[in-house]
Amino acid sequence: MASTYDLNDLKTRMQKSVASLKDELGGLRTGRASASLLDPVSVEAYGSRMPLSQVATVTVPEPRMLSVQVWDRSMANAVEKAIRDSGLGLNPMGEGQVIRVPLPELNEQRRKELAKVAHTYAEQARVAVRHIRRDGMDALKKAEKDGDMSQDDVKKQSELVQKATDDAVAEVDTIVAHKEQEIMQV
């Protein structure tokens, strides 16, 4: 068998794409506050952009409130601005080193927008899985062409790659359906 083709490697890469989707969806807001909501926020700090988690601690003191404890008091305004400009629809209120971020009630329109964002993330994950499938199929074709694998073996392995792809896409669909249900729940 060719060293370039490894079914387990392809499956691992597909699972990484699914895990990445889970991380992205974790940042999408549902009705409850979650510290991971602010994970995508990056702050202009010390001459470069860095993740919020590297300049502050995010906690959830109440179900509809986030508290951001900035480590360096001089960064408070930059953190507040980064949260406001993040596109998450949040309005932070600075109180010295602590920034309170109340989470507004989600209206129907905002829920639909969040569901669309979830579907966009899911489509990106599906595309990533399909790219991995294509890499596997290309490796199989090359192995066949180079004489490293028989036509029958290529056919069997192609079916295994397709099955792994179908499983990964089905998992993506399940995850996004669950997240959409969570978002739309009032």
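Which residue in β2 is the bridge partner of E44? In β2, that partner is R49. Let's walk through the model from there.

The model is predicted, so local features need pLDDT of at least 70 and side-chain atom pairs count only at pLDDT 80 or more, while totals for chains, interfaces and linings use all residues. Residues are numbered from 1 along each chain as its sequence is written, and side-chain values use heavy atoms, with hydrogens and water left out.

**Strands**

Helices (H or I, at least four residues) and strands (E, at least two) are DSSP runs numbered from the N terminus. Two strands pair if DSSP finds at least two bridges between them. Strands β1 (residues 42–45) and β2 (residues 48–51) run antiparallel and are joined by four bridges. Their hairpin has two residues between the strands, and Y46 takes a positive phi near 55° there.

Elsewhere, four strands form an open sheet in the order β3-β4-β6-β5, with antiparallel pairing. Its edge strands, β3 (56–62) and β5 (93–95), each pair on one side only. On average, neighbouring strands of this sheet are turned by 25° against each other, direction ignored. Five bridges connect β3 with β4 (residues 65–70) in the antiparallel sense, and in β4 the bridge partner of T59 is S67.

**Helices around α1**

For the angles below, axes are lines fitted to C-alpha atoms, for helices over the stretch in contact, and angles run from 0 to 180 degrees between N-to-C directions. Angles under 35 degrees count as roughly parallel, over 145 as roughly antiparallel, 65 to 115 as roughly perpendicular and the rest as oblique.

Helix α1 (residues 7–26) and helix α3 (residues 108–145) have axes that come within 9 Å and cross at roughly 170°, which means that α1 is roughly antiparallel to α3. Contact means heavy atoms within 4.5 Å. On the α1 side the contact includes L10, M14 and L21, and on the α3 side Y121, A125 and I132 are among the residues met.

Helix α4 (residues 151–184) packs against α1 at an angle of about 10°, with the axes 10 Å apart, so α1 is roughly parallel to α4. Among the residues making this contact are L7, V18 and K22 of α1 and L160, A168 and I175 of α4.

**Pockets and residue classes**

On a 1 Å grid over the protein atoms alone, a pocket is an open set of points where a 1.4 Å probe fits, with protein on both sides within 12 Å along at least five of seven lines; lining residues have an atom within 4 Å of a point. Grid points are joined across faces, edges and corners, and a volume is the space filled by probe spheres set on the points.

The largest pocket has a volume of about 280 Å³. Its lining has 17 residues, with E24, G27, L28, P40 and Y121 nearest its centre, and α1 and α3 each supply at least two residues of that lining.

The second largest pocket holds about 190 Å³ of space. Its lining includes E44 and R49, the bridge partners from the opening. Helix α2 (76–84) and β1 each give two or more residues to this lining, and α2 gives the most, with three residues.

In the table, Ala, Val, Leu, Ile, Met, Phe, Trp, Tyr, Cys and Pro count as nonpolar, Asp, Glu, Lys and Arg as charged, and the others, Gly among them, as polar.

| Set of residues | Classes |
|---|---|
| Contact of α1 with α3 | eleven nonpolar, three polar, four charged residues |
| Contact of α1 with α4 | 13 nonpolar, three polar, four charged residues |
| Lining of the largest pocket | seven nonpolar, five polar, five charged residues |
| Lining of the second largest pocket | five nonpolar, three polar, four charged residues |
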